[in-house]
Amino acid sequence: MAVTGDVYNTGLLKRIFKYVKPYRAVFVWSVILTILLAAISPVRPFLIKYTLDHYILNGNYDGLVNMTMLMVFMLVLQSLIQYNHTLLTNTLGQSVIRDLRISVFNHITRLRLKFFDKTPIGQLITRTVSDLETIADIFSEGLISMIGDSLQVVVIVGVMFYTDWELSLVVLLPIPLLIMATRKFQKAIKVAFQEIRNEVSNLNTFLQEHITGVSIVQYFAREKQEYRKFYAINKRYRDANIRSNWYYSIFFPVVELISAMSLGLLVWYGAKSILSKPLDVTPGTITQFIMYLGMVFTPIRQLADKFNTLQMGMVGAERVFKVLDTDETTPNNGKQKPGKLEGNIKFEKVWFAYNDDNYVLKDLSFEVKAGETVALVGATGAGKSSTINILNRFYEVKKGDITVDGIHIEDFELDYLRNHIATVLQDVFLFSDTILNNITLNNPEITIEDVVNAAKKVGAHDFIERLPGGYQYNVMERGATLSAGQAQLISFIRALVHNPAILVLDEATSSVDTETELLIQKAIDNLMEGRTSIVIAHRLSTIQKADQIIVLDKGEIKEKGTHQQLLKLNGYYKKLYDLQFSSKGIAKV
Ligand SMILES: Nc1ncnc2c1ncn2[C@@H]1O[C@H](COP(=O)(O)OP(=O)(O)OP(=O)(O)O)[C@@H](O)[C@H]1O
């Protein structure tokens with residue numbers, strides 16, 4: 001993704017500051033402490049000059065003690081301010097990104113599947129973790145510190161000119177050189193940082209995909225090839241980092257060189273003045289100026305760095321806001337939420353395409369009466385999954401109407417519609433959480449009794465009870481510690497406790513042992529009982545029991561009817577049936 005985040009992009013800054021609003025007081029205090037730190041910075045060198053010229057050179061011991069105490073007090077004060085300043089700016093940065101992270105997560109979970117079809121998950125993780133961290137740095141290391149550093153430079157240069165304008169002019173002569181070097185550095189490092197951000201995103205995407213798909217890599221013994229790919233991405237990331245460090249390794253010595261020039265000028269001019277009588281410049285002033293030089297050069301050098309931190313933060317913010325601006329949520333303008341949903345489903349001349357006019361469903365019309373079961377069958381790519389994905393509005397139809405109980409699906413409140421359609425997919429997804437939470441999905445209205453009853457109904461209670469901790473058993477990532485059949489049964493309980501009027505089921509094709517197969521068949525029967533079901537059927541038993549079979553071919557309905565009717569037709573279904581079903585009754589495809 002091209003990144004153009006610009007420090008001068010006031011629109012972007014304004015947007016970031018919207019998130020600062022709740023922490024206005026913290027922000028204001030941070031700025032006040034920054035100003036205070038800048039204002040008191042010239043005091044210590046001034047006190048040293050005064051002590052040297054008036055007490056040390058004159059041998060005034062009492063004055064020396066008083067001044068030392070004053071300096072210790074100033075140091076303690078400065079440390080206290082610094083401590084609170086660091087604490088406040090960090091709190092501000094972290095609070096802002098916590099809120100932003102919540103917004104991003106909320107937004108992502110509402111985006112429609114189409115968005116995820118084209119956005120790598122690793123990229124989204126980069127947005128919500130590392131890109132957001134760069135925004136926190138705007139506050140902890142960027143913007144507020146920049147205000148402080150600029151102020152410090154202005155105040156110190158002012159005090160220098162006030163103390164001795166001629167000496168100031170001489171020692172600050174190399175400053176234009178420093179400004180030129182800084183500008184060049186900023187430009188180069190901006191590009192280098194953008195490269196780093198892009199490479200981090202690539203690295204995360206690659207890692208996420210390859211750790212998730214590690215079994216495929218191992219099944220096909222592709223470790224070496226994947227290693228090579230990873231090596232290349234890793235190398236690009238390393239090179240981008242080295243490039244940015246290279247700019248630093250040049251910039252810092254250049255700044256040192258320029259500051260040495262200033263110091264040289266100071267020593268030359270100061271010594272010349274001390275040697276000439278009467279004394280123009282006192283030893284105290286020279287000591288004071290040596291300290292001031294450090295206090296001018298260091299912030300100018302740091303300004304370049306902080307400017308880049310700010311720049312990185314802006315790039316990060318631009319990427320994060322881009323996700324927030326993705327307007328690919330499912331429109332939710334419907335208001336209908338009837339007290340009871342019967343579950344009469346009607347597809348009328350439905351056309352659907354994932355991309356433009358490349359229709360994968362063409363002129364689909366069928367009806368499922370409340371409580372009936374419809375089995376969708378067809379070769380791979382015929383459009384079965386697409387049909388179920390448009391019913392719960394994961395994707396929007398292009399033409400035609402889908403109604404439930406005579407109400408257009410778009411006229412339902414979206415949550416209501418989805419709460420009344422339970423979808424059980426082939427690939428069961430289980431979260432790293434307890435079995436109980438995986439079933440209830442943290443819905444507080446579902447009680448443990450509901451869960452146990454549903455588990456008994458699908459015949460899974462016994463196996464869950466046998467797990468260590470029973471319903472509190474912690475499922476490892478994506479259910480890795482459960483068998484495919486057990487995971488299926490848990491997904492059935494999940495659907496059952498949500499008590500949907502409509503059940504959408506994509507039957508798993510993965511083979512399980514005969515005992516589990518019987519258990520699953522029984523569970524499916526229980527699941528479908530008393531509700532309207534649309535099933536992508538892979539089991540002969542499901543197909544035989546279905547009230548209606550819809551045979552899809554290349555997105556069109558080829559045949560419709562019961563199993564017996566369609567067999568009698570001796571047409572497409574018969575061929576498909578002969579081709580697909582083994583004696584075991586599970587589809588081969
Ligand atoms: N997210 C997507 N984006 C673009 N095209 C898609 C997407 N999902 C499916 N398709 C295409 O839509 C067509 C229908 O696919 P669909 O998944 O509905 O078929 P299916 O009958 O469920 O197949 P299978 O039995 O293999 O699951 C296919 O040509 C497929 O390539």
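How far does a polar side-chain atom of Tyr354 lie from a nitrogen atom of the ligand? The distance is 3.5 Å. This value, like the others here, comes from a predicted model.

**The ligand and its contacts**

Tyr354 has company. Two contacts involve an oxygen atom of the ligand: one with Gly383, and one with Lys384. Gly383 uses a polar backbone atom, whereas Lys384 uses an N or O atom of its side chain. The table lists the distances.

| Residue | Atom in the protein | Atom in the ligand | Distance |
|---|---|---|---|
| Tyr354 | polar side-chain atom | nitrogen | 3.5 Å |
| Gly383 | polar backbone atom | oxygen | 2.9 Å |
| Lys384 | side-chain N or O atom | oxygen | 2.8 Å |

On its own, the ligand has 630 Å² of accessible area, and the protein covers 60% of that.

**The shell**

The ligand has 13 residues around it. Those that come nearest are Thr380, Gly381, Lys384, Ser385 and Ser386. Which helix gives the largest share of the shell? Helix H12, spanning residues 384-391, supplies three residues. By class, the shell holds six polar, five nonpolar and two charged residues.

**The domains**

Now take the chain as a whole. Domain 1 covers 10-325. Domain 2 is made of 338-420 + 500-589. Domain 3 covers 426-490. The C-alpha centres of domain 2 and domain 3 are 26 Å apart. Their contact involves 12 residues of domain 2 and eight residues of domain 3. About 850 Å² of area is buried between domain 2 and domain 3. Carbon and sulfur atoms give 61% of that buried area.

Methods
Residues numbered from 1 in each chain as written. Predicted model: local features only at pLDDT ≥ 70, side-chain atom pairs only at ≥ 80, totals over all residues. Heavy atoms only, no water. Near = heavy atom within 4 Å. Polar contact = N/O pair within 3.5 Å; in protein donor to acceptor, adjacent residues only side chain to side chain. Areas by Shrake-Rupley, 256 points an atom, 1.4 Å probe, with all protein chains shown as cover. Helix = DSSP H or I, 4+ residues; strand = E, 2+ residues; numbered from the N terminus. Nonpolar A, V, L, I, M, F, W, Y, C, P; charged D, E, K, R; others polar. Domains from an automatic or database assignment. Contact = heavy atoms within 4.5 Å. Buried area = accessible area lost by both parts, 1.4 Å probe.
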